[in-house]
Amino acid sequence: LLSHIPSDTKRILDVGGGSGKFAQLLTQKGYEIVMVSPSKLLNAYAEKLGAGAFPVHTKKFEELDIHE
């Protein structure tokens with residue numbers, strides 16, 4: 001999946017990010033990540049894993065305000 005990210009990409013919206021492991025990897029590679037998922041359980045894990053490195057929004061993609 002990493003090989004498909006265009007070289008000039010800096011920000012990534014991770015929709016349905018699950019446990020946050022991929023968001024964490026992308027953050028470590030220097031990308032600015034915003035994660036959105038409706039799962040409170042998985043988002044709690046992602047927030048702990050990310051330790052504040054990326055915001056995690058607990059809502060459906062359709063409910064996300066892109067200005068948040």
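# Notebook: a look through a small predicted chain

**Entry 1: Ser-37.** I started with Ser-37, which counts as buried at 6% relative accessibility. The cut-off for buried is under 20%, so Ser-37 passes with its 6%. I should jot down here that I'm working with a predicted model.

Where does Ser-37 sit? I found it in strand E2, which covers residues 32-37. Next I looked up what Ser-37 touches, skipping its neighbours within four places in sequence. The list reads Gly-16, Gly-17, Asn-43, His-57, Thr-58 and Lys-59. I also noted that the Ser-37 side chain reaches the backbone nitrogen of Ser-39, at 3.4 Å.

**Entry 2: the whole chain.** Then I zoomed out. How many helices and strands are there? I got 2 helices and 3 strands for the protein chain. Going along the sequence, they follow the pattern β-α-β-α-β. The radius of gyration is 11 Å, close to the 11 Å that the globule rule gives for 68 residues, so the chain is as compact as a globular protein of that length.

I wrote down the box too: the C-alpha atoms fill roughly 30 × 25 × 20 Å along the principal axes. Of the 68 residues, 29% count as buried, and Ser-37 is one that does. For contacts with a separation of 6 or more, I found that 28% come from residues 24 or more positions apart. On the outside, the chain exposes about 4,800 Å². Carbon and sulfur atoms supply 55% of that area.

**Entry 3: the salt bridge.** How many salt bridges does the count come to? The answer was 1 salt bridge. It pairs Arg-11 with Glu-32, and their closest N and O atoms are 3.4 Å apart. The two ends come from distant parts of the chain, with Arg-11 in strand E1, Glu-32 in strand E2, and their positions 21 residues apart. I reminded myself of the general idea: side chains of opposite charge can pair when their charged atoms come close.

Are the partners buried or exposed? Arg-11 is exposed, with a relative accessible area of 60%. Glu-32 comes out as partly exposed, at 45%.

**Entry 4: a nonpolar patch.** Back on strand E1, I looked at Val-15, which belongs to that strand's residues 11-15. Val-15 is partly exposed, with a relative accessible area of 46%. A patch residue needs over 30%, so Val-15 qualifies on that point with its 46%. Which residues make the nonpolar patch? They are Leu-13, Val-15 and Phe-61, and the patch comes to about 270 Å².

**Entry 5: two alanines.** Ala-44 was next, and I found it in helix H2, residues 40-50. At 44% relative accessibility, Ala-44 counts as partly exposed. I checked its distance to Ser-19, which is 25 residues away along the chain. Their C-alpha atoms are separated by 8.3 Å.

Last, I looked at Ala-51. Where is Ala-51 found? It's in the loop between H2 and strand E3, with the strand at 56-58. Ala-51 has a positive phi of about 50°, although it is not a glycine. Ala-51 is also exposed, with a relative accessible area of 68%. The cut-off for exposed is over 50%, so Ala-51 clears it with that 68%.

Key
Residues are numbered from 1 along each chain as its sequence is written. This is a predicted model: local features need pLDDT of at least 70, side-chain atom pairs count only at pLDDT 80 or more; totals for chains, interfaces and linings use all residues. Side-chain values use heavy atoms; hydrogens and water are left out. Patches are made of residues with over 30% relative accessible area and no salt bridge: like charges are joined within 9 Å, nonpolar side chains (Val, Leu, Ile, Met, Phe, Trp, Tyr) within 5 Å. Accessible areas come from the Shrake-Rupley method with a 1.4 Å probe; for residues, only the protein chains shown count as cover. A salt bridge is a side-chain nitrogen of Lys or Arg within 4 Å of a carboxyl oxygen of Asp or Glu. Helices (H or I, at least four residues) and strands (E, at least two) are DSSP runs, numbered from the N terminus. Buried means under 20% relative accessible area, exposed over 50%, partly exposed in between (1.4 Å probe, protein chains only). The radius of gyration is taken over C-alpha atoms; the globule rule is 2.2 Å times the number of residues to the power 0.38. Contact means heavy atoms within 4.5 Å. A polar contact is a pair of N or O atoms within 3.5 Å; within protein, one must be able to donate a hydrogen and the other to accept it, and residues adjacent in sequence count only if both atoms are side-chain atoms.
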